[in-house]
Structures are given as structure tokens and as C-alpha cells.
Amino acid sequence: MVKIRLRRMGSRHRPFYRVVVSDSRKVPTSAVIEEVGHYDPCKDPAVIRLKSDRIDHWVARGAQLTDTVRGLVRRAAAAGAADS
């Protein structure tokens with residue numbers, strides 16, 4: 001199954017996340033199919049950049065969003081921060 005999930009990047013105590021499309025059977029740090037955005041919770045306010053057209057593309061093909069990514073998509077849509 002293909003999932004859209006977060007991949008933790010950055011250094012210790014300075015997390016930075018990439019929103020990636022990957023196979024759910026593999027660990028989150030393995031190779032990904034596509035990177036569809038990023039999330040930086042350390043900035044004030046938190047930075048959420050998503051490629052909504054690519055997320056829609058993968059969801060139409062059966063990809064599942066994790067709960068955290070689903071919340072980020074909602075926050076980005078409410079803030080109007082999703083890139084078309």
C-alpha cells in the first residue's frame with residue numbers, strides 16, 4: 001500500500017519534516033516515490049508547503065494519508081498555504 005507520510009529530517013532538537021509518498025511496508029527513511037511538500041514546526045508560525053495537485057493525484061490512485069498528514073492538509077487548506 002502506498003502512503004503519504006512525514007519523513008523526519010533536520011538535526012537533534014530542530015526537526016524538519018518532508019511530506020513524502022512511499023511504500024508503507026518500508027521504513028520512513030527508505031527511498032521514496034515522490035516528495036510532495038515540507039513542514040517546519042520550529043518557525044513561528046509553522047511553515048507548511050504542500051503540492052496539493054500531486055497529493056490529489058496520489059490519493060486518486062489509492063494512496064492513504066496518515067493522520068498527521070491529513071491534519072496538515074486541512075491546516076494548509078484553511079490557511080490557503082497549499083501550492084497549486
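In which sense do S2 and S3 pair, and over how many bridges? S2 and S3 pair in the antiparallel sense, over five bridges. Here two strands count as paired if DSSP finds at least two bridges between them.

Before going further, a word on what you are looking at: this is a predicted model, in which local features need pLDDT of at least 70 and side-chain atom pairs count only at pLDDT 80 or more, while totals for chains, interfaces and linings use all residues. Residues are numbered from 1 along each chain as its sequence is written, and side-chain values use heavy atoms, with hydrogens and water left out.

## The overall plan

The chain has two helices and five strands. Both kinds of element are DSSP runs numbered from the N terminus: helices are H or I runs of at least four residues, and strands are E runs of at least two. Reading from the N terminus, you meet the elements as β-β-β-β-α-β-α.

What radius of gyration would a compact globule with 84 residues have? The answer is near 12 Å, and the chain agrees because its own value is 12 Å. That radius is taken over C-alpha atoms, and the globule rule is 2.2 Å times the number of residues to the power 0.38. Along the principal axes, the C-alpha atoms fill a box of roughly 35 × 30 × 20 Å.

Of the 84 residues, 30% are buried. Buried means under 20% relative accessible area, exposed means over 50%, and partly exposed lies in between (1.4 Å probe, protein chains only). The chain exposes about 5,400 Å², and carbon and sulfur atoms supply 49% of that area. Accessible areas come from the Shrake-Rupley method with a 1.4 Å probe, and for residues only the protein chains shown count as cover.

## The sheet

Strands of a sheet pair through backbone hydrogen bonds, in either a parallel or an antiparallel way. In this model, five strands form an open sheet with mixed pairing, in the order S4-S3-S2-S1-S5. At the edges are S4 (47–50) and S5 (64–65), each of which pairs on one side only.

Now follow S1 (residues 2–11) into S2 (residues 14–23): the two strands pair in the antiparallel sense over ten bridges. Within this pairing, Leu6 has Val19 in S2 as its bridge partner, and Gly10 stands opposite Pro15 in S2. S1 and S2 form a hairpin with two residues between them, and His13 in the turn has a positive phi of about 70 degrees. On the pairing of S2 with S3, Val21 stands opposite Glu34 in S3.

## Two helices across the sheet

Helix H1 (residues 52–60) lies across S1, S2, S3 (34–40), S4 and S5, and runs at about 125 degrees to S3. Helix H2 (residues 67–79) also lies across S1, S2, S3, S4 and S5, running at about 95 degrees to S4. The axes are lines fitted to C-alpha atoms, for helices over the stretch in contact, and angles run from 0 to 180 degrees between N-to-C directions.

## Charged partners

How many salt bridges does a search of the whole structure find? There are four. A salt bridge is a side-chain nitrogen of Lys or Arg within 4 Å of a carboxyl oxygen of Asp or Glu. The table lists some of them.

| Salt bridge | Closest N to O |
|---|---|
| Arg18 and Glu35 | 3.8 Å |
| Arg54 and Glu34 | 2.8 Å |
| Asp67 and Arg70 | 3.0 Å |

Arg18 forms its salt bridge with Glu35. This pair links distant parts of the chain, with Arg18 in S2 and Glu35 in S3, 17 residues apart. Arg54 forms a salt bridge with Glu34. Arg54 lies in H1 and Glu34 in S3, so this pair ties together parts that are 20 residues apart in sequence. Glu34 counts as buried because its relative accessibility is 18%, whereas Arg54 is partly exposed at 27%.

Asp67 and Arg70 both lie in H2, three residues apart, about one turn of the helix. Asp67 is exposed, with a relative accessible area of 64%, while Arg70 counts as partly exposed at 30%.

## A loop beside the hairpin

Cys42 lies in the loop between S3 and S4. Contact means heavy atoms within 4.5 Å, and Cys42 touches Arg14 and Pro15, not counting residues up to four places away in sequence. Cys42 and His13 are 29 residues apart in sequence and 9.3 Å apart in space, C-alpha to C-alpha.
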